[in-house]
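Hello,

Here is the structure I said I would pass on to you. Have a look at it first, and my notes follow below.

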Amino acid sequence: MPLTIPNPNSADVGLIGLAVMGANFALNMADHGFKVAVYNRTTAVTEAFVAENPASVIGPGGAIVPAADLKDFVKSIKRPRRIMILVKAGPGTDAVIDGLVPLLEAGDCIIDGGNAEWNDTVRREAALKAKGLLFVGSGVSGGEEGARFGPSLMPGGDLAAWELIKPIWTAVAAKVDAKTGKPIMGHARGKPVKAETGIPCTTHIGPGGAGHYVKMVHNGIEYGDMQLICEGYHFMRDVLEMSNSDMSRVFGDWNAGDLDSFLIEITADILRQKDPISGKDFVDVVLDAAGQKGTGKWTINSALDLGVPAPTMAEAVFARAISAMKDERVTASKVLLPPPRHHHDHGQTQRNWTECVRDALYCSKICSYAQGFALMAAASKQNNWNLKLGEIAMIFRGGCIIRARFLQKIFEAYQRNPNLSNLLLDPYFAGVIQQNQHNWRAVVARAAVDGVPVPAFASALSYYDSYRSARLPANLLQSQRDYFGSHTYERVDQPRGKFFHLDWLDPKRPQHNA
């Protein structure tokens with residue numbers, strides 16, 4: 001059925017891009033009582049969306065206002081206009097913005113909800129500000145279910161833009177219990193969780209590209225979380241020789257404790273799933289070659305630019321890269337021999353080792369998040385964003401992929417000390433690692449002996465040991481740099497910031513201030 005021309009000024013908000021995320025976000029807003037104008041470059045997609053979502057599934061007061069023409073779409077939205085773009089990040093976003101700008105008026109606001117590179121957001125905001133338009137780069141996390149029933153939303157931009165979108169963002173975001181930080185569930189089509197029943201998982205992140213930067217780091221942390229879980233699975237599968245069903249029960253048990261999280265929960269579910277085609281365990285018919293969309297790489301690039309160590313997230317990115325070398329790895333496996341494997345007693349020994357894996361996972365997770373939050377702190381200082389890390393931990397507690405009980409502890413850590421320089425220095429996290437590091441070290445050591453790669457576990461442990469070391473071997477490194485390149489060095493018996501150089505052709509000559 002052809003779309004009719006919508007009435008002018010009939011919609012509260014507009015959305016462009018009706019792929020899975022856009023379609024679900026539009027329905028989420030409609031469920032919360034907002035009239036949502038929708039537009040897709042391919043009109044047939046808009047027509048199909050309307051046909052699949054009749055008014056009967058939209059919440060009280062809400063409605064979908066479809067348009068076949070971009071001009072009619074813009075006219076249908078009340079001023080100042082709020083228009084959300086959910087299209088593939090990159091040139092596609094710029095093309096949509098270029099098409100919108102001639103149709104908008106001063107004070108209107110464009111919101112980019114894609115996985116944009118944060119520097120692109122800075123560029124777009126500056127260009128639109130010069131035209132009198134507001135721009136928000138908003139991270140959206142939670143996948144299609146989050147978009148439909150409550151995502152974690154990370155908006156960055158001018159405060160005036162935030163005030164304009166705040167009523168919508170706080171309504172549609174995931175909600176958590178004010179006391180426990182646990183996500184409030186029970187949402188359904190037409191029956192969303194209301195803001196008054198919990199704390200919405202959104203806040204104004206900061207100016208410029210801050211929102212998309214935080215979403216980028218969220219994804220880097222997500223890479224780390226997933227890799228750590230996979231290494232725990234790998235250790236239990238290949239070292240402890242556990243079945244998928246046994247591992248599913250272990251992950252299920254962990255999900256009832258400190259490791260309670262969305263990713264642990266779905267891992268338990270995945271490991272008990274049967275393949276509908278072959279009848280085998282589903283996880284065993286999935287090829288071990290992982291993909292990635294780039295946000296993990298962006299996170300590591302930023303860490304390198306800022307000089308912030310983020311080895312666990314970096315190893316997670318590299319682990320995906322080496323997994324993609326499937327054919328080469330198969331060839332190598334026929335040439336490169338593993339270490340001799342020893343038969344290990346199961347029963348009591350296995351139960352203890354699963355506890356060790358749990359502790360290794362939790363300690364490594366602490367270090368991975370410490371790296372991510374340290375990176376956000378450095379970017380905040382570099383860009384004058386004034387990021388409130390406690391609030392960021394708060395909005396990660398529900399809706400997003402890394403939602404976990406653990407984030408409540410991070411929120412509480414920043415409540416205790418808003419100027420905390422590293423999560424490892426918080427009494428709770430320092431105590432957890434002190435209590436459990438023996439098991440963590442045992443897993444890394446046994447994995448090395450048995451030839452099972454645990455790059456994220458091991459890098460997290462090295463990060464911890466490096467961070468707690470008052471003296472590292474960089475004194476030798478600086479000596480080497482001064483020797484071959486006259487790069488200078490500092491002395492332990494002189495103030496910091498005072499540099500020296502040794503004449504290596506005649507080292508008996510007095511050293512001089514460089």
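**What lines the cavity**

By class, the residues lining the largest cavity are six nonpolar, one polar and two charged. Please keep in mind that this is a predicted model.

The structure has one cavity of 30 Å³ or more, and the space in the largest cavity comes to about 50 Å³. If you would like to find it on screen, select Asp225, Leu228, Ile229, Leu259, Ser261, Leu263, Ile264, Leu361 and Lys365, the residues that line it. Two or more lining residues come from each of helix 8 (210-239), helix 10 (262-271) and helix 15 (348-383). Helix 8 gives the largest share of the lining, with three residues.

**Helix 7**

I also spent some time on helix 7. At its start, the backbone nitrogen of Ala160 has a side-chain oxygen of Asp158 within 2.8 Å. Further along, at Ile165, helix 7 bends by about 55°, and a proline, Pro167, follows within four residues.

Does the length of helix 7 fit its residue count, and why? Helix 7 covers residues 159-172, and at 1.5 Å a residue its 14 residues should span 20 Å; the C-alpha atoms at its ends are 19 Å apart, so the two values agree.

As for burial, the buried residues of helix 7 include both tryptophans named here, Trp162 and Trp169. Ile165, where the helix bends, is buried as well. The others on the buried list are Ala161, Leu164, Ile168, Thr170, Ala171 and Val172.

Enjoy exploring, and write back with any questions.

Best wishes

Methods: Residues numbered from 1 in each chain as written. Predicted model: local features only at pLDDT ≥ 70, side-chain atom pairs only at ≥ 80, totals over all residues. Heavy atoms only, no water. 1 Å grid on protein atoms, 1.4 Å probe; cavity = no way out; pocket = protein on both sides within 12 Å on 5 of 7 lines; lining within 4 Å. Points joined across faces, edges and corners; volume = space filled by probe spheres on them. Nonpolar A, V, L, I, M, F, W, Y, C, P; charged D, E, K, R; others polar. Expected span 1.5 Å × (residues − 1). Bend = angle between axes of the 7 residues up to and from the residue. Buried < 20%, exposed > 50% of the residue type's maximum accessible area, 1.4 Å probe, protein only. Polar contact = N/O pair within 3.5 Å; in protein donor to acceptor, adjacent residues only side chain to side chain.
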